[in-house]
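Fancy a short workout with a protein model? Take a look at the sequence and the 3D view, then try each exercise before reading its solution.

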Amino acid sequence: MTTATLTRTSAQRRNFGALTGVLYVLFFVVSLVIAGTMGPSGMVTPYSSDADVQAYRLKDPATLEDLFRILGLLQGLSALALLAFVPCLTAFVRRYGSDARAGVVRALATVAGTLLLLSASTSWVLAQIGPRAELSTYRAVSDLSFITGASPAIAALGVAVFLVAATGRASHALPTWVAWSGMLIGVASVLSMSSLVAEGGSVFIPLGRFLGFVWFVALSVLLWGRGGRTDDLTGARMPRHP
């Protein structure tokens, strides 16, 4: 096998790793589309009353059980894709920032992916217990599924996004709009933690999540466009050393 062949093979592997950021978004968005088309009308949250939760789960129990299984699968795949993208985030920050900051990014992004995986797993548990469980049990599992996939995961990932974006801005390694938007998304994501004490704070959950999806797709495509490398993401040529 020639050196050129080895180089092409390595680049293809790096390309696939960079695109896991897109897969993270794709799997999650597909799960939301399916939930919107297949699930019962309305939505329940930890702030919903017991009567609303009971009415929701009894509208169409069989369909709801199938939906929870599908959501568990797709959002579980989304979480795994995010965890696979963590090394790309870490490598970028290590190159343009510091080892300490890269370690924080790795830890926070891993926590976020783990929480999303836990949320997906509890969706599967909801499918198993269905309408047969006591309302208090069903509600406890439902709230756990919601909260692990919402503000804690979004906030942890938001801080990681902020650090990646701030590193890219300081080093001019990211386009300006990607750097500044990432920092703003990070702030909105952290503010989503206010939903733990006030229902009004829930408005920051979709802001952090959906704007974050756009940002992850942009960064993933930038990395992919450079063959998975973490250098030269602004499109400018790096000076060559003699």
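Below are some exercises, each followed by a worked solution.

A word on the ground rules first. This is a predicted model, where local features need pLDDT of at least 70, side-chain atom pairs count only at pLDDT 80 or more, and totals for chains, interfaces and linings use all residues. Residues are numbered from 1 along each chain as its sequence is written, and side-chain values use heavy atoms, with hydrogens and water left out.

**Exercise 1. Work out how many helices and strands the protein has.**

Step one: settle what counts. Helices (H or I, at least four residues) and strands (E, at least two) are DSSP runs, numbered from the N terminus.

Step two: count them. You should get nine helices and zero strands, and reading along the sequence gives α-α-α-α-α-α-α-α-α.

Step three: add the overall numbers. The protein has 242 residues, and 43% of them count as buried; buried means under 20% relative accessible area, exposed over 50%, and partly exposed in between (1.4 Å probe, protein chains only). Now take contacts, meaning heavy atoms within 4.5 Å. Among those in the protein with a separation of 6 or more, 76% link residues 24 or more positions apart.

**Exercise 2. Find the largest nonpolar core and say which residues have the most contacts inside it.**

Step one: pin down the term. A nonpolar core is a set of buried Ala, Val, Leu, Ile, Met, Phe, Trp, Tyr and Cys residues joined through side-chain atoms within 4.5 Å.

Step two: look for the largest one. It has 38 residues, and those with the most contacts inside it are Y24, L89, L157, V164, W215, F216 and L219.

Step three: see which elements supply it. Helix 2 (20-38), helix 4 (61-96), helix 5 (99-129), helix 7 (151-171), helix 8 (176-191) and helix 9 (204-225) each give two or more residues to this core. Another core lies apart from it, with eleven residues, among them V53, Y56, L67 and Y138.

Step four: zoom in on V164. Not counting residues up to four places away in sequence, V164 touches L89, F92, V93, V105, L174, W215 and L219.

**Exercise 3. Decide whether helix 5 and helix 7 are roughly parallel or roughly antiparallel.**

Step one: get the geometry. Axes are lines fitted to C-alpha atoms, for helices over the stretch in contact, and angles run from 0 to 180 degrees between N-to-C directions. For helix 5 and helix 7, the axes come within 8 Å and cross at roughly 150°.

Step two: apply the cut-offs. Angles under 35 degrees count as roughly parallel, over 145 as roughly antiparallel, 65 to 115 as roughly perpendicular and the rest as oblique. Helix 5 and helix 7 are therefore roughly antiparallel.

Step three: check who meets whom. The residues of helix 5 in this contact include V104, V105 and L108, and those of helix 7 include L157, A160 and V164.

Step four: sort them by class. Ala, Val, Leu, Ile, Met, Phe, Trp, Tyr, Cys and Pro count as nonpolar, Asp, Glu, Lys and Arg as charged, and the others, Gly among them, as polar. The contact of helix 5 with helix 7 then divides into 17 nonpolar, one polar and one charged.

**Exercise 4. Work out how helix 3 and helix 6 are arranged.**

Step one: read the angle. Helix 3 (residues 50-59) and helix 6 pack at about 90°, with their axes 11 Å apart.

Step two: classify it. That angle makes helix 3 and helix 6 roughly perpendicular to each other.

Step three: list the partners. D50, V53, Q54 and R57 of helix 3 make the contact with L135, Y138 and R139 of helix 6. By class, that is three nonpolar, one polar and three charged residues.

**Exercise 5. Is each of E65, Q75, S119 and H172 buried or exposed?**

Step one: try E65 in helix 4. E65 counts as buried because its relative accessibility is 16%. Leaving aside neighbours within four places in sequence, E65 is in contact with A127, G130, P131 and R132.

Step two: move to Q75, also found in helix 4. Q75 has a relative accessible area of 12%, so this residue is buried. Beyond four places in sequence, Q75 is in contact with F28, S31 and A120.

Step three: go to S119 in helix 5. With a relative accessible area of 4%, S119 is buried. Leaving aside neighbours within four places in sequence, S119 is in contact with S145, T148 and G149.

Step four: finish with H172, in the loop between helix 7 and helix 8. H172 counts as exposed, at 63% relative accessibility. H172 also has a positive phi of about 60° although it is not a glycine.
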